[in-house]
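Subject: Structure handover

Hello,

Here is the structure I promised you. Please open it alongside this note, and then read on for what turned up.

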Amino acid sequence: MSDAISSTSEATRPQQATSDGFEVPRHVAIIMDGNGRWAAARGLPRVEGHRRGVVALRKTVRAAHDLGISVLTIFSFSAENWSRPQSEIRDLLSLLRRFIRNDLADLHKSNVRVRVIGEREDLSPDICDLLQEAEDLTRNNDGLTLVVAFNYGARQEIARAARRVAAEVAKGRLSADDVTPELLARHLDAPDMPDPDVIIRTSGEQRLSNFLMWQAAYSELIFVPINWPDFDQAALEAAIAEYRRRERRFGGLNASTGS
Ligand code: IPE
Ligand code: IPE
Ligand code: MG
């Protein structure tokens, strides 16, 4: 990212409109899938797909920033991805390290706030320190919020939230009757983030794979057939255009037609 651009605080920011009146969702979440297939289709090793995936990520963060999206959540490594071969895990971890080391200063300059969701307890200290450094350095930025889901699983996140609530109940600070959806939501990993308006998954797979299952209750799901390394600003704009064609009802009726 190049230019540092300031904007209003994320909490107060309404849906953003670009100069041509193009409304963008406030929170876009992406399941960046298909790196391995991208590489296989070209006779390349999987790690090459992951490397190109980082390039696509850079482009997408810049595009989200330029489009005026408030929150971009990216699924970078799932709690279940530890079941991959050790060599691939090593490659993915070193790409994460490199991404933070190389891109953090630019992200900070561009007023991006980095947040991390997922379980940090079992991570190696150097990864934990890098994630913490990214959050600490960018804590006061109020442009795009980039939420990195790393060692993340939604069931694990919901269990963590339940554990936090149970601890409060055990201390007598809450009673069992206080446990509502709103209270549980306040104990998730990033409780101040709005729910995603739209979740995009690349590679043609049509599942959530344990991503943001609580927050996705009313998200629009968009599955795009291209593999993640081919994703760019045009693909993001196409997904947003599809989102704008959807009718969100939240269990009610269409506000204008009553049907
Ligand atoms: C997404 O690409 C990256 C991660 C899951 C970390 P994949 O590695 O899942 O690529 P495919 O799905 O095997 O093509
Ligand atoms: C989901 O992709 C996880 C990330 C994109 C980080 P996977 O490739 O791990 O999901 P499955 O195994 O196809 O469901
Ligand atoms: Mg995959």
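The lining of the largest pocket is made of 14 nonpolar, nine polar and eight charged residues. Bear in mind that this is a predicted model. The pocket encloses about 680 Å³ of space. A total of 31 residues line it, and those closest to its centre are Met-32, Asn-35, Phe-75, Ser-76 and Asn-81. Five elements, H1, H2, S4, H3 and strand S6 (145–152), each supply at least two residues of that lining.

What fills this pocket? Ligand 1 sits in the largest pocket. Ligand 2 takes up space in the largest pocket too. I will go through them in turn.

Ligand 1

Start with the surroundings. The shell around ligand 1 counts 13 residues. Asp-33, Gly-36, Arg-37, Arg-46 and Arg-84 are the closest. By class, the shell holds two nonpolar, six polar and five charged residues.

Three polar contacts are worth finding on screen. Asp-33 places a polar side-chain atom 2.8 Å from an oxygen atom of ligand 1. Gly-36 uses its backbone instead: a polar atom there is 2.9 Å from an oxygen atom of the ligand. For Arg-46, an N or O atom of the side chain lies 2.9 Å from an oxygen atom of ligand 1.

How much of ligand 1 does the protein bury? Alone, ligand 1 exposes 380 Å², and the protein buries 86% of that.

Which elements build the shell? Helix H1 (35–41), helix H2 (46–67) and helix H3 (86–109) are the elements that give two or more residues to it. H1 gives the most, with three residues. Gly-36 and Arg-37, named above, fall within the range of H1. Arg-46 falls within the range of H2.

Ligand 2

The residues around ligand 2 are Ile-31, Met-32, Asp-33, Phe-75, Ser-76, Phe-77, Asn-81, Arg-84, Arg-201, Arg-207 and Ser-209. They divide into four nonpolar, three polar and four charged. Strand S4 (residues 71–78) gives the most to this shell, with three residues.

Again, look at three polar contacts. A polar side-chain atom of Ser-209 is 2.6 Å from an oxygen atom of ligand 2. In Asp-33, an N or O atom of the side chain lies 3.2 Å from an oxygen atom of the ligand. In Arg-201, a side-chain N or O atom is 3.3 Å from an oxygen atom of ligand 2. On its own, ligand 2 has 390 Å² of accessible area, and the protein covers 77% of it.

Where do the two ligands share residues? Asp-33 and Arg-84 are among the closest residues to ligand 1, and both also appear around ligand 2. Asp-33 makes a side-chain polar contact with ligand 1 and another with ligand 2. That residue is a good place to begin when you look at the pair.

The second largest pocket

This pocket has a volume of about 240 Å³. It is lined by 18 residues, and Leu-188, Met-193, Asp-195, Trp-214 and Gln-215 are the closest to its centre. The lining splits into 12 nonpolar, three polar and three charged residues.

That is the handover. Over to you.

Best wishes

Key
Residues numbered from 1 in each chain as written. Chains lettered and ligands numbered in written order. Predicted model: local features only at pLDDT ≥ 70, side-chain atom pairs only at ≥ 80, totals over all residues. Heavy atoms only, no water. Near = heavy atom within 4 Å. Polar contact = N/O pair within 3.5 Å; in protein donor to acceptor, adjacent residues only side chain to side chain. Areas by Shrake-Rupley, 256 points an atom, 1.4 Å probe, with all protein chains shown as cover. 1 Å grid on protein atoms, 1.4 Å probe; cavity = no way out; pocket = protein on both sides within 12 Å on 5 of 7 lines; lining within 4 Å. Sits in = over half its atoms within 2 Å of the grid points. Helix = DSSP H or I, 4+ residues; strand = E, 2+ residues; numbered from the N terminus. Nonpolar A, V, L, I, M, F, W, Y, C, P; charged D, E, K, R; others polar. Points joined across faces, edges and corners; volume = space filled by probe spheres on them.
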